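The following exercises are to be worked through with the sequence and the model at hand. Each task is followed by a solution in steps.

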Amino acid sequence: MSQSPSSTPPSSTSGSARTFDPLPTAGGVWERISPAALILGLCLAVLLLLCVLIPAPYAVRMPGPTVDTLGESEGTPLISVNDAETFPSQGQLRLTTVSVAGGPGFPVGVGNVLRGWLDPSVSVVPRESIFPEGVTREETDQQSQAQMTSSQTSATVAALESLGYEVPAVLTVAGVVAEGASVGVVEEGDVITSITADGTRHEVVSISGLTQVLKASPPASDIELGVTRGGEERDLAITTGDDGEGGSTLGVLIEPQHTFPVDVEIEISNIGGSSAGTMFALGIMDTLTPGDQTGGKIIAGTGTMDLDGNVGPIGGIVQKMNGSARDGASYFLAPIENCSEVVGNVPDDLQVVRIATLDEAWAAVGAIGTDEAADLPTCEG
């Protein structure tokens with residue numbers, strides 16, 4: 001029986017010419033794909049393209065950069081004090097941020113949203129919850145920078161007063177809250193000079209001096225507010241409102257003009273908002289306090305800071321915790337009002353400490369620095 005040349009083994013030494021089956025052509029490949037599979041593939045390709053191109057009505061929040069308030073920003077110390085002795089630290093106090101995609105001028109596609117839903121360190125929220133309708137990117141940036149400037153001022157006042165400095169201020173009424181205790185009595189432009197409560201007159205020379213008296217006065221207290229109006233001294237009778245915590249409120253908006261006992265400068269760029277206030281305040285306190293309060297530890301955190309040293313809640317705390325763990329922090333200071341979002345979302349190897357005031361945050365830094373952090377309060381108890 002003769003053997004076909006095409007079946008000659010590759011090792012054959014036969015001198016006869018060998019022939020091979022022709023390679024499949026492109027046309028042959030397409031012929032083997034069923035029309036249904038081809039249509040399905042085209043549909044998937046179109047869907048993928050739409051996921052990339054079509055904007056989604058969502059904003060995607062991701063862990064942003066963290067910045068050491070005891071370090072430098074573009075070669076310049078982030079916190080500097082020009083007329084007081086300062087002290088170096090081997091540790092870090094890192095403010096935390098959130099990177100947001102999906103705002104005005106920077107929409108996200110469906111694909112970004114889908115990936116965000118699958119990543120536990122990322123959150124997807126309705127766009128209008130972060131970027132109100134009709135607000136431009138420029139307006140958003142301007143508002144964010146204004147909040148940052150205000151937070152730095154509040155942090156500086158709270159930090160210095162916590163360290164025992166007096167920070168005098170001229171307190172000018174910027175507005176009266178509708179239906180508040182001062183409606184029809186206090187006027188915009190009044191300068192507050194004193195407050196008389198429970199028969200005792202207190203000269204008002206700082207925002208903390210005013211708030212201390214109000215906190216000690218129960219709601220519906222009859223007080224007299226001393227003001228200067230048009231160059232004339234007046235005593236205004238007011239029945240106080242309820243601050244919700246057992247104290248009183250005047251129902252006015254105050255614009256303070258502070259005179260700082262030391263010159264504190266905060267240098268930071270490309271970061272906005274008010275949520276860094278607590279970490280700014282801690283950075284100022286550490287800079288002005290002898291010794292290394294951090295004990296060489298990397299401590300991150302977040303929270304707004306008001307002039308009275310109260311820590312307020314912020315957004316994106318899950319992203320901030322993940323950014324902190326990514327950047328080497330072992331401890332995280334979280335506002336007590338954010339605890340419901342903290343529980344169940346803490347990254348591995350990160351101890352979260354709940355705080356409500358600057359004094360609590362400062363005590364926590366000291367405990368961490370001396371390796372006594374085990375008993376610090378957490379969001380779980």
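A pocket is defined on a 1 Å grid over the protein atoms alone as an open set of points where a 1.4 Å probe fits, with protein on both sides within 12 Å along at least five of seven lines; its lining residues have an atom within 4 Å of a point. The model is predicted, so local features need pLDDT of at least 70 and side-chain atom pairs count only at pLDDT 80 or more, while totals for chains, interfaces and linings use all residues. Residues are numbered from 1 along each chain as its sequence is written, and side-chain values use heavy atoms, with hydrogens and water left out.

**Exercise 1. Describe the second largest pocket and state which element gives the largest share of its lining.**

Step 1. The second largest pocket has a volume of about 650 Å³, a volume being the space filled by probe spheres set on grid points that are joined across faces, edges and corners.

Step 2. Its lining comprises 21 residues, and Thr211, Lys215, Ser248, Asp306 and Asp308 lie nearest the centre.

Step 3. Two or more lining residues come from each of helix 5 (207-216), strand 15 (248-249) and strand 16 (252-258). Helices (H or I, at least four residues) and strands (E, at least two) are DSSP runs, numbered from the N terminus.

Step 4. Helix 5 supplies the largest share, five residues.

Step 5. By class, the lining has ten nonpolar, six polar and five charged residues. Here Ala, Val, Leu, Ile, Met, Phe, Trp, Tyr, Cys and Pro count as nonpolar, Asp, Glu, Lys and Arg as charged, and the others, Gly among them, as polar.

**Exercise 2. Give the same account of the largest pocket.**

Step 1. The largest pocket holds about 1100 Å³ of space.

Step 2. Among its 33 lining residues, Val98, Val100, Ser144, Gly272 and Gly273 are the closest to the centre.

Step 3. Strand 2 (58-68), strand 6 (92-101) and helix 4 (137-162) are the elements that give two or more residues to this lining. Helix 4 contributes the largest share, eight residues.

Step 4. The lining consists of twelve nonpolar, 17 polar and four charged residues.

**Exercise 3. Place strand 12 among its partners and determine how many of its residues are buried.**

Step 1. Strand 12 (residues 222-229) has six of its eight residues buried, that is, under 20% relative accessible area, whereas exposed means over 50% and partly exposed lies in between (1.4 Å probe, protein chains only).

Step 2. Strands pair if DSSP finds at least two bridges between them. Strand 10 (residues 191-197) pairs with strand 12 in the antiparallel sense over five bridges, and serine 194 has glycine 226 as its bridge partner.

Step 3. Strand 13 (residues 232-239) also runs antiparallel to strand 12, joined by eight bridges; aspartate 222 stands opposite threonine 239.

Step 4. In the hairpin of strands 12 and 13, with two residues between the strands, glycine 230 takes a positive phi near 60°.

**Exercise 4. Which residues other than glycine have a positive phi, and are they buried or exposed?**

Step 1. Alanine 220 has a positive phi of about 65°. This alanine is found in the loop between helix 5 and strand 12 and is exposed, with a relative accessible area of 53%.

Step 2. Asparagine 270 has a positive phi near 65°. This asparagine is found in the loop between strand 17 (264-266) and helix 6 (277-288) and is exposed, with a relative accessible area of 75%.
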